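This report describes one chain and the ligand bound to it. The sequence and the structure are shown first, and the notes follow.

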Amino acid sequence: ATPKDCPADVETLGRSTWTLLHSIAATYPTTPTTTEQSDIKNFMRLFAKLYPCWVCAEDFQKYIEKEKIRTQSRDEFGNWLCEAHNEVNKKLGKPTFDCSKWQERWRTGWKDGRCD
Ligand code: FAD
């Protein structure tokens, strides 16, 4: 872990960033307008260019080119993002996440009530 008030290392930056990205998916509209869809696509493309871990950014840009960003609904975007995160998990040898549970993890809290 990064000591208090020090520059973020790749892990700390990554955890904070995934929190932001999945939280954006959690508040993305269930039925987005065409403008909302193009906004999120532009945001993700710029994010992938500017992410301040250059190897991470390069691989993420390649992923976005290969796996087109899906934005037709909240659940579609949330699943796309979950799959993108799983790609990074695989690369790092971390367990993959069950994407059918992304809304429980990032939007509603778990069905067992542990987040209530
Ligand atoms: P994280 O992977 O940060 O995940 C945080 C939490 O998200 C987990 O505890 C879990 O509850 C939940 N979660 C896990 N998987 C999913 C999923 N698929 N969908 C939804 N929720 C999930 N690090 C590198 O070393 N090399 C890289 O190339 C690299 N590329 C990255 C690219 C991007 C775009 C980002 C945002 C981060 C990248 N990272 C990279 C950082 C890396 O992904 C992790 O954030 C970091 O290693 C810390 O991992 P963690 O185990 O704390 O959990």
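## Helix 2 against helix 3

In this predicted model, helix 2 and helix 3 touch through a set of residues from each side: Met44, Arg45, Ala48 and Lys49 of helix 2 meet Ala57, Phe60, Gln61 and Ile64 of helix 3. By residue class, this contact holds five nonpolar residues, one polar residue and two charged ones.

Helix 2 covers residues 34–50. The axes of helix 2 and helix 3 lie 7 Å apart, and the packing angle is about 150 degrees. Angles over 145 degrees count as roughly antiparallel, and helix 2 and helix 3 are therefore roughly antiparallel to each other.

## Helix 1 against helix 4

A second packing pair is formed by helix 1 and helix 4, with an angle of about 160 degrees and axes 9 Å apart. Helix 1 and helix 4 are therefore also roughly antiparallel to each other. The crossing of helix 1 past helix 4 is left-handed.

On the helix 1 side the contact is made by Trp18, Leu21, His22 and Ala25, and on the helix 4 side by Arg74, Phe77, Gly78, Leu81 and His85. The residues of this contact comprise five nonpolar, three polar and one charged.

## Surroundings of the ligand

The ligand is surrounded by 22 residues, and the closest of them are Gly14, Cys56, Cys82, His85 and Phe97. Four elements each give two or more residues to this shell: helix 1 (10–27), helix 3 (54–66), helix 4 (74–91) and helix 5 (102–108). Helix 1 supplies the largest share, seven residues.

Sorted by class, the shell around the ligand has eleven nonpolar, six polar and five charged residues. His85 appears among the closest residues to the ligand, and His85 is also one of the helix 4 residues that meet helix 1.

## The chain as a whole

The secondary structure of the chain consists of five helices and zero strands. Along the sequence this gives the pattern α-α-α-α-α. The radius of gyration of the chain is 15 Å, close to the 13 Å that the globule rule gives for 116 residues, so the chain is as compact as a globular protein of that length.

Taken along the principal axes, the C-alpha atoms of the chain fill a box of roughly 40 × 35 × 25 Å.

How values were computed:
Residues are numbered from 1 along each chain as its sequence is written. This is a predicted model: local features need pLDDT of at least 70, side-chain atom pairs count only at pLDDT 80 or more; totals for chains, interfaces and linings use all residues. A residue is near a molecule or strand if its C-beta atom, placed from the backbone, lies within 6 Å of it. Ala, Val, Leu, Ile, Met, Phe, Trp, Tyr, Cys and Pro count as nonpolar, Asp, Glu, Lys and Arg as charged, and the others, Gly among them, as polar. Axes are lines fitted to C-alpha atoms, for helices over the stretch in contact, and angles run from 0 to 180 degrees between N-to-C directions. Angles under 35 degrees count as roughly parallel, over 145 as roughly antiparallel, 65 to 115 as roughly perpendicular and the rest as oblique. A crossing is left-handed if the near helix is turned anticlockwise from the far one by less than a right angle, and right-handed if clockwise. Two residues are in contact if their C-beta atoms, placed from the backbone, lie within 7 Å. The radius of gyration is taken over C-alpha atoms; the globule rule is 2.2 Å times the number of residues to the power 0.38.
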